[in-house]
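Take a first walk through this protein with the model at hand. The route goes from the whole chain to its sheet, then to an annotated spot and the interior.

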Amino acid sequence: MSSRGVVIRRDAGLFGYERALVRCGLGPVAGVDEAGRGACAGPLVVAAVVLGPDSRRRLSARLADSKLLTEHVRESLFDEVLRAAEDWSTVVIPAAEIDRTGVHVANITGMRRAVARLAHRPGYVLTDGFAVAGFGSESLAVVKGDRVAACIAAASIVAKVTRDRIMRALHTRYAEYDFAQHKGYVTAAHAAALARYGPCDEHRKSYVNVAAHAVPTREARSLRLEDRVLATSLHGVTETA
């Protein structure tokens, strides 16, 4: 990779991008990534992370694309990343905003917001996969960036863990969908729940698979209420159809 005279060897390692850019006076370097783009329920979460100068020593060798790690490992790495980070921010974009703008526009807007929320403007921004303009700093899209650039990998973990925690919290309100298990992504179990109960307020109504069940029948509404009462151990709840 090269950018404005910066050359990075393929074997430079996970911190190669940051080292090369900082050597050329383009630091600090922020990595940006999102979680939830492929889900049909729940928010899109974008994170921006600037790793500190001693991050290579402080961060575990397990730092890699968050989607390749177990939930337990991601949770432990989340704390490591925040301790090692010089600066970080997150942006949570709700389903309703995704429906209004479309997921790609929401993603790009979220990346800009995340960088803008950093305490200091970065000298350079690395994004995962596709180019984004409007950061106020030079930027570069890195193919499979969450596997080859430490700051993007760190942002991936922060975004993923933040979103997973949100989805587990939503599970307590919408237990019938089992958000704690599939985190709003399309699975056979989630599709079956959508077909049975219709979408809830956290579903992305503009998505075809959600829109197909947008008007639940009286019977489905009744089943949804009954299952929610059973799942949350509440009694005496009523709802007018």
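What follows is a tour in short steps. Keep in mind that the model is predicted.

Start with the whole. The protein has 11 helices and 7 strands. Of its 241 residues, 49% are buried. About 11,600 Å² is exposed, and carbon and sulfur atoms supply 54% of that area. Now consider how the chain meets itself. Among contacts with a separation of 6 or more, 62% join residues 24 or more positions apart.

Next, find the sheet. It is open and has 5 strands, in the order β5-β4-β3-β6-β7, with mixed pairing. Which strands stand at the edges? They are β5 (85-93) and β7 (138-142). Each has a single partner strand, so one side of each lacks a neighbour in the sheet. From one strand to the next, the twist averages 20°. In general, strands of a sheet pair through backbone hydrogen bonds, either parallel or antiparallel.

Look at one pair in detail. Strand β3 covers residues 29-35, and strand β4 covers residues 44-51. The two pair in the antiparallel sense over 6 bridges. Within this pair, Ala30 of β3 stands opposite Val50 in β4.

Helices meet the sheet too. Helix α3 (residues 71-84) lies across β4 and β5. The direction of α3 is at about 125° to β5. Helix α5 (residues 103-116) packs on the sheet as well, touching β3, β4, β5 and β6 (124-128). The direction of α5 makes about 35° with that of β4.

Now turn to the annotated spot. An unreviewed UniProt entry places the feature "binding site" at Asp33, Glu34 and Asp128. These residues span 96 residues in sequence. Yet no two of their C-alpha atoms are more than 8.6 Å apart, so the residues gather at one spot.

Take Asp33 and Glu34 in turn. Asp33 is in strand β3. Is Asp33 buried or exposed? Its relative accessibility is 1%, so Asp33 counts as buried. Beyond its sequence neighbours up to four places away, Asp33 touches nine residues' worth of surroundings that include Asp128, Asp146, Ile152 and Ser156. Glu34 is also in strand β3. At 15% relative accessibility, Glu34 counts as buried, because the cut-off is under 20%. Leaving out residues up to four places away in sequence, Glu34 touches Leu44, Val45, Val46, Asn107, Met111 and Ala159.

Finish in the interior. In soluble globular proteins, nonpolar side chains tend to be buried together. Here the largest nonpolar core holds 34 residues. Which of them touch the most other members? They are Val49, Leu51 and Leu126. The elements that give two or more residues to this core are α1 (16-23), β3, β4, α3, β6, β7 and α7 (150-173). Helix α7 gives the most, with 10 residues.

Leu51 shows what such a place looks like. Not counting residues up to four places away in sequence, its contacts include Phe15, Val29, Leu59, Ala84, Cys151 and Ala154. Glu18 and Glu86 are also among the residues that Leu51 touches. Apart from this core lies another, of 23 residues. Among its members are Cys40, Val103, Met111 and Leu194. Met111 has come up before, as one of the residues that Glu34 touches.

How values were computed:
Residues are numbered from 1 along each chain as its sequence is written. This is a predicted model: local features need pLDDT of at least 70, side-chain atom pairs count only at pLDDT 80 or more; totals for chains, interfaces and linings use all residues. Side-chain values use heavy atoms; hydrogens and water are left out. Two strands pair if DSSP finds at least two bridges between them. Helices (H or I, at least four residues) and strands (E, at least two) are DSSP runs, numbered from the N terminus. Axes are lines fitted to C-alpha atoms, for helices over the stretch in contact, and angles run from 0 to 180 degrees between N-to-C directions. Contact means heavy atoms within 4.5 Å. Buried means under 20% relative accessible area, exposed over 50%, partly exposed in between (1.4 Å probe, protein chains only). Accessible areas come from the Shrake-Rupley method with a 1.4 Å probe; for residues, only the protein chains shown count as cover. UniProt positions are given in the numbering used here, feature names are shortened, and annotations may be inferred rather than shown by experiment. A nonpolar core is a set of buried Ala, Val, Leu, Ile, Met, Phe, Trp, Tyr and Cys residues joined through side-chain atoms within 4.5 Å.
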